[in-house]
Amino acid sequence: MANSVNISIEAPIENQIQEITYDGQEIYQAPLSMSENLARLAQKIDFSKTDDEFCNIKKEGENGSEVKSEEDKEPGYQSSLWPWDSVRNKLRNALTEVSVLADVLSIAKEKRYMVLDPIQADPIESRPMVQVYGRKKALSAAGAVLLNGVERLRASETMRMTRNMPDFHIDLLRLRQNWRLKKVSNTIVGDLSYRTAGSKFSQTGVFEVTKAPEEQIAAAMNAPGAAPSALRVTVPPELQGVAFISVRCQKEQEDVVTATLNSSALNCPGSLPGDGAELHWQQKLEAAQNVLYCKELFARLAAEAVQLDASIPHIVVGNRIMLTILPSIQLMIGLCHNNGQNNNNTEGTKSQGSYVKAEHDHVLEHSLHQLLRAVHHSNTHHPFPHPATGPLGPSKRRSLAGPMGADRYELMEMSREQSLLEQIVQQAQHFFMRRRGEYVLDTIAKEVKDPLIVSHWNALNSPTHSCVKINIMAYGYDAVCRTSLVVHVGEKTLKCICRDGKVRNLSYELQELRDLIFCQIYQHQMTGVQAVGRCMGWQLLASSSHLGAGPVEPLANASSCLLASPNGDRMIAIRCEPSVGIQVFIAQSPKKDFFVSELVQDKKWENLGGAFKEVKLEKMEGKNFLNKMELLMACLSSPS
């Protein structure tokens, strides 16, 4: 053969299984020997019956008659004396037949006694001219049909070029390239829904395709604008017009509870661009599909809002969903659909009042559309491996649950999936927390000029997590001292990692982040003074970041440090209080006001530092605090 195929044949297990051990090993019975097998087969033979009796029993079974009992048999019947007589007779008959077959084959092969020749059939009378004339007639008939079709197509094309009219079949071909069509009876219908993409929305998106009248095409050709089309698409009334999803965050108000979204409140256009003229079928179908998509998205969100259990219940009123994402902060999700029939609603406009002032959030609206498209994609694209013919398949984590030995808790966690509403609420919470963080950092950067505060937001973030790096440094001293901290912005919390590695978790309150930044600013000033002192040769005598002396601070703790000049005759004491600011004191030795008394008579005690005097930093020269401290150390280090 030209193409051979290898077939693997495995012999069945003929030996019976005697025992199966605990480790799964099977122990088979030993095969029978030839003598044992012959004895087993001989036991199955009924030697009391002859060939005639077997034939009679077979005929009686075929005719449906009852078998007679052994008492009714002929009395003259005598059984064979030798039990192997029937076997011998059958073997003898088989030997006779095989011998005859061998003789026939030898005669046919050697060809000395007999020759086998094939019989030739009667020749068929051929008439070649008749066949030629028949083929010529058939070809001429087929050529006439083709020529007739060519003439009709040529005439139609000539007429279309003369009148410059669009072709119905060409437009229908273009329509089929982008949309699903099928012929039902004598009409052509299409489908706008996302069912092939995994959508389960109940509303159908069926539209009808017909041929536009020639009068309408001629009128469209005379009118300025886009090229006319020979198709006319009929869309259901509920899918006509313009629709979009509006998402916005605002503070909680009482007067928006009974309001209803409409086209005038959300500045929704009454019709598509090109009002007054017939739209092209592509634009019409795209707008209708967008309406269907927005309705599916809002219906899914409304159903989830009703089903979810929240501390503050979600409210679904008409075409709007109200959710509380943070205290006194509401997320408003609305569906705006204008099909040209509900143009102006003055009552709805009045009731919207303050609701119209805020602009809707395009980022969250885009996220909503992306979430639903991700659901459609996951419904049709299952991770491998999955059945080739199965419509559904387990996820990759569930497929690995068996080999990895997952417990019941892990399986329950795999089955839990976040709904679209929960995901958009988390994104809205993170969006609001990020805006709050940006506002706090920008406000502090404007208020505090010394030191400088620089914020670097990561460009690559997730929808529910972002990160900002804050650098605190003084102008001209960024190489001497710089304080960095990282703030991770989550959904409802902030995670701050300070320079010393300590992690502080903050809530959604703005004041907590503000207090932390101010504490880091004053710590930076104290660290910067010590770094400048080391560069100037001053010695650090004492330092405390949690000073116990003095009044109790409402914010954090007071800190201080004590520096001595290289000669040891000058000392600078710095006290930093977040609520008051930074205070600088200086002292010198020997004391100028030291007098020998009866108790202290030795003059060596005059080398002790005198009383500390406060320095007015606001009257000193210098660009910033560290520059002033550098100038002060330079003055105190010079010999006087």
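Analyst: In what follows, a residue is buried when its relative accessible area is under 20%, exposed when it is over 50%, and partly exposed in between (1.4 Å probe, protein chains only). This is a predicted model, in which local features need pLDDT of at least 70 and side-chain atom pairs count only at pLDDT 80 or more, while totals for chains, interfaces and linings use all residues. Residues are numbered from 1 along each chain as its sequence is written, and side-chain values use heavy atoms, with hydrogens and water left out.

User: What makes R575 and E577 a salt bridge?

Analyst: A salt bridge requires a side-chain nitrogen of Lys or Arg within 4 Å of a carboxyl oxygen of Asp or Glu. The closest N and O atoms of R575 and E577 are 2.3 Å apart, so this pair meets the rule. Both residues are buried.

User: Why is E151 called partly exposed?

Analyst: Its relative accessibility is 46%, and because that value lies between the two limits, E151 counts as partly exposed. R154, at 49%, counts as partly exposed too. E151 and R154 form a salt bridge, with their closest N and O atoms 3.6 Å apart. Both lie in helix α4 (residues 128-163), three residues apart, which is about one turn of the helix; helices here are DSSP runs of H or I, at least four residues, numbered from the N terminus.

User: How do you know that D478 and R482 meet in a salt bridge?

Analyst: Their N to O distance is 3.9 Å, so the pair falls within the cut-off. D478 is partly exposed at 37%, and R482 is partly exposed at 38%.

Conventions. Helices (H or I, at least four residues) and strands (E, at least two) are DSSP runs, numbered from the N terminus.
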